[in-house]
Amino acid sequence: SGINAEYGAKDVETEPSLLPVSGQHLATGSVLGDDARLDVSARNLWTPLARAFLDIRVFHPQAQTNSVKSIPAMYSAHEQEKKRKYNSRVINVEKATFTPVVFSTSGGMGQEATKLFKRVAQKMSFKTDQRYSDIISFIRRRLRFDLLRTCLIALRGYRGKKHERLESPICELDLNLVE
């Protein structure tokens, strides 16, 4: 996960189980099942010691279901759908914050995802003493390549041997290319 202790986030988990709903009255449309999961949770993301849950969605803007919507309306609709399903439960049962992270297959991101990546870049910049502009550029570039790879795998399937990614921790990368 790109969100990790290298810049201050703690207790990062992928696909954390949510606490069971026991007698709470949640907003209409909330997911109530005991087997509900979100994609990522972390502490210290938005505020110190507070837990944040993230749910990620990637959509295709040229799909028929999106043909009558503008691009900003597509992002907003997907974010609102995620909030309708999970926001009430996360706030009232988990006592945490919820952020829907929406991307398109063309490389764009919704407003909530933009805020998230700006926050991550800000924390990384402070922690690593590197320029914010270099870090946000690196994050956006890496995200676009990861989205491209995901789309290619979805279209043609995975081909070849499974290779382990050899990556340096982000805190060891020097992104300040010009002194």
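**A four-stranded sheet and the helices around it**

Four strands make up an open sheet with mixed pairing, arranged in the order β1-β2-β3-β4. The edges are taken by β1 (10-14) and β4 (97-104); each has a single partner strand, so one side of each is left without a neighbour in the sheet. Averaged over the sheet and with direction ignored, neighbouring strands are turned by 20 degrees against each other. The model described here is a predicted one.

In general, the strands of a sheet pair through backbone hydrogen bonds, and the pairing is either parallel or antiparallel. Strands β1 and β2 (residues 40-43) run antiparallel and are joined by three bridges. Within this pair, Lys10 stands opposite Arg43 in β2.

Helix α1 packs on the sheet, where it touches β3 (51-59) and β4, and its direction makes about 160 degrees with that of β4. Helix α2 (residues 111-128) lies across β3 and β4 as well, running at about 105 degrees to β4.

The protein as a whole has three helices and four strands. Along the sequence they follow the pattern β-β-β-α-β-α-α. Of the 179 residues in the protein, 38% are buried. Among contacts between residues at least 6 apart in sequence, 62% join residues at least 24 apart.

The charged side chains come next. The structure holds nine salt bridges. One of them joins Asp11 and Arg43, whose closest N and O atoms are 3.2 Å apart. This pair links distant parts of the chain, with Asp11 in strand β1 and Arg43 in strand β2, 32 residues apart. Arg43 has a relative accessible area of 30% and is therefore partly exposed. Arg43 thus appears twice at the pairing of β1 with β2: Lys10 stands opposite Arg43, and Asp11 forms a salt bridge with Arg43.

Another salt bridge lies within helix α1. Glu81 and Lys85 form this bridge, with their closest N and O atoms 3.6 Å apart. Because they are four residues apart in helix α1, Glu81 and Lys85 are separated by about one helical turn. Glu81 is partly exposed at a relative accessible area of 23%, and Lys85 is partly exposed at 30%. The two residues also belong to a network of salt bridges that links Arg57, Glu81 and Lys85.

A further salt bridge connects two helices. Glu112 and Lys83 form it, the closest N and O atoms being 3.0 Å apart. This pair, too, links distant parts of the chain: Glu112 is in helix α2 and Lys83 is in helix α1, 29 residues apart. Glu112 has a relative accessible area of 16% and so counts as buried, while Lys83, at 25% relative accessibility, counts as partly exposed.

Glu79 is another acidic residue to follow here. It is found in helix α1 (residues 71-94). Glu79 is buried yet has no salt bridge, and the nearest side chain of opposite charge, that of Lys83, is 5.6 Å away. A salt bridge needs a side-chain nitrogen of Lys or Arg within 4 Å of a carboxyl oxygen of Asp or Glu, which is why a separation of 5.6 Å does not count as one. Lys83 does form a salt bridge with Glu112.

What does the side chain of Glu79 reach at 3.1 Å? It reaches the backbone nitrogen of Gln111. A polar atom of the Glu79 side chain also lies 3.0 Å from the backbone nitrogen of Glu112. Helix α2 covers residues 111-128, so both of these backbone nitrogens belong to residues of that helix as the helix is delimited here. Leaving aside residues up to four places away in sequence, Glu79 touches Pro100, Val102, Gly110, Gln111, Glu112 and Ala113.

The last helix is α3 (residues 132-156), and Arg141 lies in it. With 46% relative accessibility, Arg141 counts as partly exposed. The C-alpha atoms of Arg141 and Gly107 are separated by 9.5 Å, and the two residues are 34 residues apart along the chain.

Note on methods. Residues are numbered from 1 along each chain as its sequence is written. This is a predicted model: local features need pLDDT of at least 70, side-chain atom pairs count only at pLDDT 80 or more; totals for chains, interfaces and linings use all residues. Side-chain values use heavy atoms; hydrogens and water are left out. Buried means under 20% relative accessible area, exposed over 50%, partly exposed in between (1.4 Å probe, protein chains only). Lys and Arg count as positive and Asp and Glu as negative; His and the chain ends are not counted. A polar contact is a pair of N or O atoms within 3.5 Å; within protein, one must be able to donate a hydrogen and the other to accept it, and residues adjacent in sequence count only if both atoms are side-chain atoms. Contact means heavy atoms within 4.5 Å. Two strands pair if DSSP finds at least two bridges between them. Axes are lines fitted to C-alpha atoms, for helices over the stretch in contact, and angles run from 0 to 180 degrees between N-to-C directions.
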